[in-house]
Amino acid sequence: MGKPITRVTIVGGGTAGWLTATLLQNILTRPDDAEDDIQITLIESPNVPTVGVGEATVPGMPRTLKAAGISETEFFKTCNASFKLGVLFRNWNVDTAGDPISFVNPFTRVPTIQGIDSGYFMLRYGAGALDFVQTYSASVDLARAFKGPRVIGAKEYDPRVGFAYHLDAGKFAHMLRDLCIARGVEHILEDVVDVEQDERGYISALQLQESGRHEVQLVIDCTGFRGVIINQVLKEPFISYSNYLANDRALAVQIPHKTPEKLPSVTQSTALGAGWVWRVPLYHRIGTGYVFSSAHRTDEEATAEFLAHLGEEGKEAEPRVIPMRVGRSRNAWVKNCVAVGLSGGFIEPLESTAIHMIDTAVRWLATYFPDQDFPDPLRDRYNKLSNALYDEVRDFICLHYALGNRTDDPYWIDARNLEVPDSLAENLELWKHTLPGPYDLEFSSLFSPGVYQTVLLGKRVYETGYGNPKLAARLPLRQEVWGRQLQKARAEVKQIVSEMADHRTLLTHLRGEAEAAPFVPLAQPTVAMPGTLKPKAPKLEMPANEDASLL
């Protein structure tokens with residue numbers, strides 16, 4: 001057995017570097033046994049900017065902050081954070097009349113009814129004017145009412161309604177930096193000018209511009225798309241996903257709220273001509289950008305299209321261009337170097353997975369933490385999991401394009417005709433005959449079969465030519481059972497919506513600024529949401545006083 005590792009060196013700052021330091025410091029150090037603590041050093045260039053646009057998260061984020069001992073109140077105030085109840089997809093598909101479809105992917109588990117997934121009941125009987133998500137989740141209704149996921153005065157991290165966060169990426173990284181330094185992480189603000197390797201090819205030392213030689217035991221590469229150590233020094237190949245996903249560039253800009261009192265509680269993803277626009281509503285501003293394919297738009301053409309989409313909101317905007325390296329390093333852990341964040345890989349941010357992948361990578365590293373012999377089985381298992389995670393996210397993102405049906409621009413035709421990964425292609429054939437189920441996914445750490453069901457039914461693919469539209473006919477589904485479920489679910493949703501606080505008002509209370517922004521009653525929504533579908537036969541008796549044109 002080798003000597004224990006006593007020093008971990010992180011190269012690169014930003015969200016990847018400082019979240020890595022936060023998690024490792026929290027997991028690997030023990031306040032009551034300082035002599036055996038691992039010293040964590042983060043070396044950050046003062047001359048290399050971070051990407052800084054990963055501003056939406058997934059539901060694991062509250063757990064991460066809580067485990068790190070971070071006050072949610074301080075987080076909201078420092079990072080201008082807001083709540084996220086899901087992702088609103090707009091214009092990705094069209095219905096049989098050619099009209100755009102919208103749906104929300106929420107943070108709520110799809111229920112079963114008498115042991116059968118509720119999606120089958122939805123396909124057989126429909127739900128009047130409600131979309132699928134509204135039959136089991138309050139997220140759409142809360143978002144329509146510009147409400148958050150809790151009441152005023154609830155305890156921190158209250159989990160009654162599933163949620164994640166929107167956050168200012170720059171401020172988040174700075175918050176983590178200050179926390180880490182206060183807890184003993186060494187911060188060196190210098191450029192790395194050279195990297196030394198020993199006779200085995202392991203990283204032995206970093207040459208810093210001013211401090212000179214810095215010895216290394218375990219080094220974590222958080223240098224972004226450049227992959228300075230994992231790719232440039234260790235020559236680990238990069239596996240591109242360009243044969244599966246067309247988008248390779250992004251435009252990013254920050255704009256003010258047009259109606260600050262109406263603060264959305266969902267991330268928006270709106271499909272344009274050659275990609276899609278994200279819209280992340282923070283407390284103080286909106287972060288937005290256009291992810292597009294350079295094979296279908298030049299930077300100038302994409303900028304013009306994006307600004308036209310923003311309209312008056314983009315009048316003073318000057319979007320910056322971000323080239324994207326989409327794919328992953330063949331292995332994230334090579335010799336004594338582990339690549340975390342963009343250096344390990346990147347997939348377009350359609351499902352806000354970037355911070356989650358950093359979080360998961362660091363937790364897996366802590367689980368398989370090596371000694372100075374770096375046993376191969378630990379490294380091999382870590383790489384197996386890491387590669388499976390990237391492929392899982394890749395498949396789920398590919399699903400959105402493969403099942404698109406827009407024909408108004410060559411981009412959308414090309415995007416769905418790209419190569420489909422074998423793991424997804426097999427399931428796409430299977431799901432023509434059955435809804436996604438528990439035995440279909442080889443690896444599922446983030447996107448469950450229920451999430452796949454939500455997207456398939458949200459896109460309404462079984463109504464527009466994909467698969468068997470009567471696949472639920474083989475099951476013993478009783479209409480009165482579905483009707484009772486709808487009555488119960490909608491009553492629960494209405495109760496939740498009536499109790500939850502206005503989103504901005506909730507945030508001002510969390511920030512300790514309630515007097516600065518009194519509650520403003522809200523009228524009609526300004527964000528187009530799903531829920532205005534034409535009633536499907538057979539017509540169901542909806543709960544009393546149900547708003548059939550809910551969104």
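Helix axes here are lines fitted to C-alpha atoms over the stretch in contact, and their angles run from 0 to 180 degrees between N-to-C directions. The model is predicted. This briefing covers two open sheets, one of 7 strands and one of 3 strands. It then turns to the packing of helix α1 against α6 and α9, and to aromatic rings.

**Helix α1 and its partners**

- Two packed helices are described by the angle between their axes and the distance between the axes.
- Helix α1 spans residues 14-28, and helix α6 spans residues 169-182.
- Their axes come within 9 Å and cross at roughly 30 degrees.
- Angles under 35 degrees count as roughly parallel, and α1 and α6 are therefore roughly parallel to each other.
- The crossing of α1 past α6 is left-handed.
- On the α1 side, the contact uses G14, T15, W18, L19, A21 and T22.
- On the α6 side, it uses A169, F172, A173, L176, R177, L179, C180 and I181.
- Helix α1 also packs with helix α9, residues 354-367.
- Here the angle is about 35 degrees, and the axes are 10 Å apart.
- This time α1 passes in a right-handed crossing.
- From α1, the residues T15, A16, L19, T20, L23, L24, I27 and L28 take part.
- They meet I355, I358, D359, V362, R363 and A366 of α9.

**The sheet of 7 strands**

- The strand order is β5-β4-β16-β17-β18-β15-β19, and the pairing is mixed.
- Strands β5 (100-106) and β19 (320-323) stand at the edges.
- Each has a single partner strand, so one side of each is left without a neighbour in the sheet.
- From one strand to the next, the twist averages 20 degrees.
- Helix α8, residues 299-310, packs on this sheet.
- It touches β15 (249-255), β16, β17, β18 (286-292) and β19.
- The direction of α8 makes about 140 degrees with that of β18.
- Within the sheet, β16 (residues 267-271) and β17 (residues 275-281) run antiparallel, joined by 4 bridges.
- A271 has W276 of β17 as its bridge partner.

**The sheet of 3 strands**

- The order is β10-β11-β12, with antiparallel pairing.
- Strands β10 and β12 are at the edges, each with a single partner strand, so one side of each lacks a neighbour in the sheet.
- The twist averages 25 degrees from one strand to the next.
- In a regular strand the side chains alternate between the two faces of the sheet.
- Strand β10 (residues 192-197) pairs with β11 (residues 203-208) over 5 bridges.
- Q197 stands opposite I203 of β11.
- The hairpin of β10 and β11 has 5 residues between the strands.
- In that hairpin, G201 takes a positive phi near 90 degrees.
- Strand β11 pairs with β12 (residues 212-215) over 4 bridges.
- L208 has G212 of β12 as its bridge partner.
- The hairpin of β11 and β12 has 3 residues between its strands.

**Aromatic rings**

- A search of the whole structure finds 27 aromatic pairs.
- Ring pairs link F75, F76, F83, F163, Y165 and F172 into a cluster.
- F172 is also among the α6 residues that contact α1.
- R394 lies over the face of Y241, 5.3 Å from the ring centre.
- The charged end of R394 also sits over the ring of Y244, at 5.0 Å from its centre.

Note on methods. Residues are numbered from 1 along each chain as its sequence is written. This is a predicted model: local features need pLDDT of at least 70, side-chain atom pairs count only at pLDDT 80 or more; totals for chains, interfaces and linings use all residues. Side-chain values use heavy atoms; hydrogens and water are left out. Two strands pair if DSSP finds at least two bridges between them. Rings of Phe, Tyr and Trp (its six-membered ring) pair if their centres lie within 6.5 Å; planes under 30 degrees apart count as stacked, over 60 as edge-to-face and the rest as tilted. A charge sits over a ring if NZ of Lys or CZ of Arg is within 6 Å of the ring centre and within 35 degrees of the ring normal. Angles under 35 degrees count as roughly parallel, over 145 as roughly antiparallel, 65 to 115 as roughly perpendicular and the rest as oblique. A crossing is left-handed if the near helix is turned anticlockwise from the far one by less than a right angle, and right-handed if clockwise. Contact means heavy atoms within 4.5 Å.
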